Amino acid sequence: MSNQKKRNFQIEAFKHRVVVDPKYADKTWQILERAIHQIYNQDASGLSFEELYRNAYNMVLHKFGEKLYTGFIVTMTAHLKEKSKLIEAAQGGSFLEELNKKWNEHNKALEMIRDILMYMDRTYIESTKKTHVHPMGLSLWRDNVVHFTKIHTRLLNTLLDLVQKERTGEVIDRGLMRNVIKMFMDLGESVYQEDFEKPFLDASSEFYKVESQEFIESCDCGDYLKKAEKRLTEEIDRVGHYLDPKSEEKITSVVEKEMIANHMQRLVHMDNSGLVYMLLHDKYEDLGRMYNLFRRVTNGLLTVRDVMTSHLREMGKQLVTDPEKSKDPVEFVQRLLDERDKYDKVISTAFGNDKTFQNALNSSFEYFINLNARSPEFISLFVDDKLRKGIKGIVDVDVEVILDKVMMLFRYLQEKDVFEKYYKQHLAKRLLSGKTVSDDAERSLIVKLKTECGYQFTSKLEGMFTDMKTSEDTMRGFYGSHPELSEGPTLIVQVLTTGSWPTQPAVPCNLPAEVSVLCEKFRSYYLGTHTGRRLTWQTNMGTADIKAVFGKGQKHELNVSTFQMCVLMLFNNADRLSYKEIEQATEIPASDLKRCLQSLACVKGKNVIKKEPMSKDIGEEDSFYVNEKFTSKFYKVKIGTVVAQKETEPEKQETRQRVEEDRKPQIEAAIVRIMKSRKILDHNNIIAEVTKQLQPRFLANPTEIKKRIEALIERDFLERDSTDRKLYRYLA
């Protein structure tokens with residue numbers, strides 16, 4: 001095989017020069033310029049866009065891009081100057097129509113020109129970083145038409161005048177407005193903002209400033225708010241129809257500032273129509289409107305909340321400190337509940353269940369309910385009224401609703417232990433008299449109290465129910481072991497555990513012989529079955545059913561207290577008795593005896609005995625005899641004891657004293673718990689910690705805490721620091 005020589009090939013440049021016609025650029029541009037004129041004159045139907053594109057392409061290819069670009073700008077500018085003169089010449093309402101028409105024509109022309117110059121757009125303009133054809137066309141329209149001196153101010157004034165007309169109720173061409181304002185938006189955000197939006201907002205601000213002043217002078221608060229709401233809705237609607245969506249926040253801010261923020265104080269305090277008036281007259285719709293408008297401005301809701309809180313506190317203070325309104329405890333609490341229901345409805349209906357308003361309502365109630373030291377007692381009396389008498393026609397679900405409302409008031413009490421004291425007394429009376437409407441309702445409230453305050457708060461209350469159940473079993477056992485007692489008087493004994501029940505002094509009373517014998521038999525039976533126990537008879541807490549025969553054989557069964565029974569039984573052996581004789585025979589304390597005789601002799605329709613001389617009060621010189629003419633349409637007659645529903649002043653002082661005594665060990669226990677964990681603590685911090693820990697039960701008095709600290713130091717639980725006397729140490 002022979003070796004062939006390798007050959008090297010070389011490609012050389014084309015030696016023949018292509019000569020371009022020196023007038024090529026001018027000729028080609030003239031073709032393109034003529035085409036642009038035809039496009040603007042709406043005579044483009046005979047044009048070959050393919051040929052025009054090729055011409056523009058060739059100009060760029062032959063390095064005439066600058067000539068093409070400059071020529072395009074000069075030609076378009078000339079056309080736009082002509083158009084601006086035509087627009088300027090338009091009169092009246094046709095001005096905007098002419099502008100809109102020319103703008104649409106310019107846009108169509110610009111699209112065609114952009115298509116013809118597409119190659120220049122992509123290559124020459126990209127490489128030289130010049131403005132592209134379409135944006136340049138928009139800039140030329142802006143500079144030669146929109147910013148043309150004789151059009152610029154006229155255009156803005158025309159647009160603002162149309163907005164003003166629409167605000168005053170005239171109908172305008174919204175479609176035309178939308179097209180013209182969209183032109184601003186198409187020309188760029190800065191053009192829209194500077195040439196239209198900013199002047200529009202300034203004019204709107206001035207308009208609403210004047211209008212709001214007119215409204216505030218001539219309208220009441222409710223009407224003013226309706227007008228403000230209407231204006232706000234109109235502006236939002238206007239944005240939707242022909243403004244940039246971004247303008248909504250700005251124009252609504254103008255309306256809010258001029259119509260609401262600048263007049264807030266005057267509106268809420270307006271006489272006979274402001275916030276307080278709306279609250280007093282249940283103007284829920286107006287309140288809701290105020291809330292929705294004021295929430296849009298800074299500190300708007302704070303202003304509403306402050307005025308509502310101030311009104312609530314003032315109203316509540318009058319309610320709880322008015323001696324007239326405190327006469328009936330049940331009415332007193334019902335008024336509080338009614339006010340609470342009302343403001344709950346206001347907050348849920350008008351204020352969108354706003355938590356900050358709910359908190360303001362709670363703090364206001366807590367403030368004024370504790371201004372009356374008797375609030376705990378009154379709330380307990382209210383519960384007593386509902387659970388003692390029952391509520392006719394009301395089902396268990398409604399009882400639950402009432403109990404829930406009571407618990408709401410209970411939470412506001414700073415002295416919950418005072419409520420507990422009274423509640424225990426009232427519950428004891430209900431249970432012992434058998435007048436509780438339902439055990440379920442009673443237990444339901446105790447469960448609610450336990451949930452709120454813990455087991456310690458209700459343990460004694462639950463013990464009272466346990467005693468009632470145990471007593472039933474004891475009585476069955478007693479009569480089972482004494483069958484001979486089935487004939488004669490029946491004795492029912494409630495055995496109460498000391499500590500669980502309210503402490504009552506043992507009141508002396510000589511029981512009738514028939515009852516006294518039964519009591520002794522029960523004592524023997526009970527102490528025989530329970531070792532290490534002691535019984536004390538609480539005659540002042542008992543009741544009795546006795547049969548009585550009056551003149552003409554009139555028979556009745558009388559439901560009376562144990563004291564009343566002791567008095568009435570004396571008349572089996574005497575026709576007439578003096579006050580002194582009754583007192584000596586029964587040994588009932590004077591105050592109890594007088595109340596007892598008053599209820600038997602002075603209450604119309606219940607006066608089974610008569611007194612001489614006749615008067616409403618019982619005197620020590622009075623004498624008593626059976627009312628033989630007593631009649632009643634009922635066979636069973638209940639004779640109550642004349643007693644004040646509320647405590648008397650001495651009783652109140654005694655209850656307060658007992659509460660204060662009960663607090664001492666609780667304060668001491670809290671101090672020991674805190675010091676045990678902290679070991680060393682200064683005086684102020686102990687006071688703060690103890691107050692905080694005891695807050696769920698009562699508001700501890702700093703002076704009393706200090707006394708308890710001293711008592712614990714004396715008993716070697718704590719000691720003072722040797723160098724700092726305000727520092728305490730825990731002694732293990």
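I began with the voids: the structure holds two cavities of 30 Å³ or more, where a cavity is a set of points on a 1 Å grid over the protein atoms alone at which a 1.4 Å probe fits but cannot get out. I noted that this is a predicted model, in which local features need pLDDT of at least 70, side-chain atom pairs count only at pLDDT 80 or more, and totals for chains, interfaces and linings use all residues. Residues are numbered from 1 along each chain as its sequence is written, and side-chain values use heavy atoms, with hydrogens and water left out.

I looked up the largest cavity, which has about 50 Å³ of space, as filled by probe spheres set on the points. Its lining (residues with an atom within 4 Å of a point) consists of W29, L32, A35, I36, L68, F72, I113, I116 and L117. I found that α1 (24-40), α3 (65-89) and α4 (94-116) each supply at least two of these residues, with the largest share, four residues, coming from α1.

I then turned to helix α29 (residues 683-694; helices are DSSP runs of H or I, at least four residues), whose 12 residues reach 17 Å from first C-alpha to last, close to the 16 Å expected at 1.5 Å a residue, that expectation being 1.5 Å times one less than the number of residues. I listed H683, I686, I687, V690, T691 and L694 as its buried residues (under 20% relative accessible area, against over 50% for exposed, with a 1.4 Å probe and protein chains only). Down the axis of α29 these buried residues fall within an arc of 125°, so they line one face of the helix, while N684 and K692 are exposed on the other side.

Definitions and conventions: Helix = DSSP H or I, 4+ residues; strand = E, 2+ residues; numbered from the N terminus. Arc of directions from axis to C-beta. 1 Å grid on protein atoms, 1.4 Å probe; cavity = no way out; pocket = protein on both sides within 12 Å on 5 of 7 lines; lining within 4 Å.
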